[in-house]
Amino acid sequence: MDFGRISRRHLLQGGAALTLGAAAGARPAFAADTTIGFIYVGSRDDYGYNQAHAQGAAALKKIPGLKVVEEEKVPETDAVEKTIESMINLDGATLLFPTSFGYYNPHMIKMANKFPKLRFEHCGGLWTDKDPKNAGSYFGYIDEAQYISGIVAGYTSKSGKLGFVAAKPIPQVLRNINAFALGAKLANPKATTQVIFTGDWSMPVKEAEATNSLIDQGVDVLTCHVDGPKTMVENAARRGAFVCGYHTNQSPLAPKAYLTGAEWNWEALYPKFVKMIAAGESIANFYRGGLKEEIVKTSPYGEAVSAEARKHADEVKAKFLSAGGYAIFKGGLVDNKGKTVIAAGTDRGQKDPELEKMDYLVEGVIGATS
Amino acid sequence: MADGSIGLWTVPLAVLGGAIRVSTPFLFVSLGECITERSGRINLGLEGTLVMGAMSAYGISYLTGSPWLGVLAAGVTGALLGALHAGICSLPRVNDVAVGIALMLFGTGLAFYLGKPLIEPTAPRLPAIDFGWWSDIPQLRAALRVNVLFLIGVALAPILYWAFRTTRWGLLIRTAGESSDAARAMGHSVLLIRLRATMVGGFLAGIGGSFLSLFYPGSWNEGLSSGQGITAVALVIFARWDPLLCLWASLAFGGAAALGPALQSVGVTSGYHLFNAAPYILTLAIMIITCSPKRTLTGAPAELSITR
């Protein structure tokens with residue numbers, strides 16, 4: 001630890017924690033001074049990405065002996081470094097979760113180098129051997145849940161036209177679009193998925209316009225990958241289309257139109273992380289998983305989902321959960337320009353790092369990445 | 001067509017629908033700002049007013065169950081923010097542009113703070129009037145679902161145009177804007193005229209905000225406005241302080257905002273960033289075409305701090 005930087009307040013806090021620890025006879029699962037810091041890029045009740053993380057943080061708050069500090073709307077700039085430092089120096093946080101993609105490099109890496117004894121866990125980053133050992137990146141294969149949504153959407157759509165409101169053509173988003181489209185083709189080989197990029201993570205008016213344009217084109221089931229799916233879900237439901245959710249469960253917003261959805265399951269992962277740390281186990285610096293590892297989940301089926309769709313979706317879900325796993329991106333995959341992107345015979349399993357560099361849209365998707 | 005698709009017709013239809021759906025906040029803010037600027041003061045804080053209006057409308061609609069009370073609350077909030085702006089600006093040597101920027105930050109910040117618990121609940125929305133009942137094309141019917149606020153805005157533009165030209169208070173506002181000395185010589189308080197003009201401007205901008213949260217996109221969240229208030233203030237300059245031109249400019253901006261998504265939906269996918277930027281390119285182009293270094297902007301009130 002950098003002794004030059006210890007503040008008086010930090011010393012006092014440390015002293016207080018020591019006394020407390022000594023006073024408490026039976027030691028709980030965690031030391032009384034374990035403080036965990038969560039940093040969100042947006043509002044934590046946005047029905048989306050940030051709310052999913054906040055639900056994970058809420059699960060930690062229930063564990064005795066843990067204190068959770070949170071800060072919302074922290075931009076992906078130097079501001080996050082200041083937030084991390086104040087969480088460490090003022091609140092005594094020893095485990096930090098900066099949850100937004102842009103926090104990783106250089107901001108969180110810099111902080112991890114500065115505080116080598118503390119643990120940093122980042123959502124979505126790509127940890128490499130060059131990065132500090134006390135930093136880690138975790139992420140979920142939410143495309144598995146999108147694949148299930150695609151199957152359900154494919155069965156439910158009458159027109160065979162599905163819509164996807166997306167923010168930006170980055171690998172994670174493209175992977176979700178492709179998984180959704182491939183799932184839909186499993187249910188209906190003729191199904192097409194039309195994608196509209198709005199250009200940014202939170203553009204409510206553009207998202208609403210995109211939703212209306214898609215429905216005008218005959219699309220009758222929509223999903224999305226934007227920070228707050230609320231706009232898409234509400235506007236699509238008003239026009240009588242069905243929706244598949246994203247990030248969290250949006251069925252309260254449109255109970256009749258909601259089919260299923262791809263959700264994060266941080267409320268399962270975060271307590272697991274904390275237990276691993278308490279037990280002295282090491283968390284892999286590069287941590288990934290899908291439905292099987294309980295990092296992602298699917299929303300319960302809505303009433304409009306047919307028995308046939310449920311059966312097929314459940315079968316595929318069981319394959320994801322099986323020991324052998326299941327590959328969404330199988331060999332012989334052709335993109336929507338007619339180019340073979342995965343050669344026949346080489347299935348790309350979920351953990352294949354090539355998939356995290358995805359830059360194409362598969363056959364059956366109407367749209368372009370640029 | 002058998003599958004309910006209307007092919008390339010989506011684009012003009014989306015632009016028409018967009019012009020109706022997206023333009024209303026632009027229309028209200030620009031008409032409000034038109035009144036304020038004609039009185040010789042510029043209120044850049046209308047972005048904050050718009051967001052505050054959206055938040056208070058959503059909150060009141062949620063609490064009382066009546067969206068129309070929400071609209072009223074948005075207007076009153078806007079008028080209060082307008083009064084604050086006018087009040088600060090009436091002090092000596094205060095720059096109205098700087099105050100406007102401060103109020104823009106204040107309005108958005110306050111709205112985010114107070115609006116925190118409103119992101120999750122769903123408030124009752126304003127009803128729509130179905131003008132497409134004669135058509136059996138669902139896309140056209142959807143595009144022609146018009147909100148009363150849009151109609152009020154459309155009616156307001158010619159009324160304001162007429163009022164500026166022929167009524168007594170229209171003349172007073174213009175006098176205050178063109179020459180405060182003349183207004184004073186007539187025995188009127190310039191500050192009082194500007195206070196009222198700024199309050200009316202704020203009232204309209206607040207109502208514009210209520211349209212955002214209660215009709216389209218139709219829910220409260222922090223990215224709701226994404227700069228529409230500030231764009232609308234720029235629209236006024238673009239429209240040369242003429243309420244009728246404000247109407248056309250708002251419609252053009254609404255339609256242009258729908259262009260990007262609509263083109264992507266029919267398969268024109270290259271360069272969507274460019275199409276998404278269409279409204280701003282349109283502004284720049286018209287500004288460049290109509291600007292001249294040899295004269296001041298035609299129609300600009302002489303007392304306005306940006307032209308003085």
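**A guided look at chain A**

Visitor: How many contacts beyond four places in sequence does the model have for residues 14–29 of chain A?
Guide: Across residues 14–29 of chain A, pLDDT (the predictor's confidence in each residue, from 0 to 100) stays under 50. This is a predicted model, in which local features need pLDDT of at least 70 and side-chain atom pairs count only at 80 or more, while totals for chains, interfaces and linings use all residues. Residues are numbered from 1 along each chain as written, with chains lettered from A and ligands numbered from 1 in written order. Counting two residues as in contact if their C-beta atoms, placed from the backbone, lie within 7 Å, the model gives residues 14–29 a total of 10 contacts.

Visitor: What is the mean pLDDT of chain A?
Guide: Where pLDDT is low, predicted coordinates should not be read in detail. In chain A, 91% of the residues reach 70 or more, and the mean is 89.

Visitor: Why does the radius of gyration of chain A agree with a compact globule?
Guide: The radius is taken over C-alpha atoms, and the globule rule is 2.2 Å times the number of residues to the power 0.38. For 370 residues that rule gives a value near 21 Å, so chain A agrees with its 22 Å.

Visitor: What share of chain A is buried?
Guide: Think of C-beta atoms, placed from the backbone: 20 or more others within 10 Å make a residue buried, 12 or fewer exposed, and anything in between partly exposed. Of the 370 residues of chain A, the buried share is 52%.

Visitor: Which strands are at the edges of the open sheet in chain A?
Guide: Helices (H or I, at least four residues) and strands (E, at least two) are DSSP runs numbered from the N terminus, and two strands pair if DSSP finds at least two bridges between them. The sheet has 7 strands in the order 12-10-9-8-6-7-15, with mixed pairing. Pairing on one side only, the edge strands are strand 12 (296–298) and strand 15 (365–366).

Visitor: In which sense do strand 9 and strand 10 of chain A pair?
Guide: Strand 9 covers residues 242–247 and strand 10 covers residues 258–264. A:Y246 stands opposite A:A262 in strand 10. Over 4 bridges, the sense of the pairing is parallel.

Visitor: Which element of chain A gives the most to the side that touches chain B?
Guide: Here 34 residues of chain A are in contact with 36 residues of chain B. Strand 7 (192–197), helix 7 (204–216) and helix 8 (230–238) of chain A each supply at least two residues of that side. With 10 residues, the element that gives the most is helix 7.
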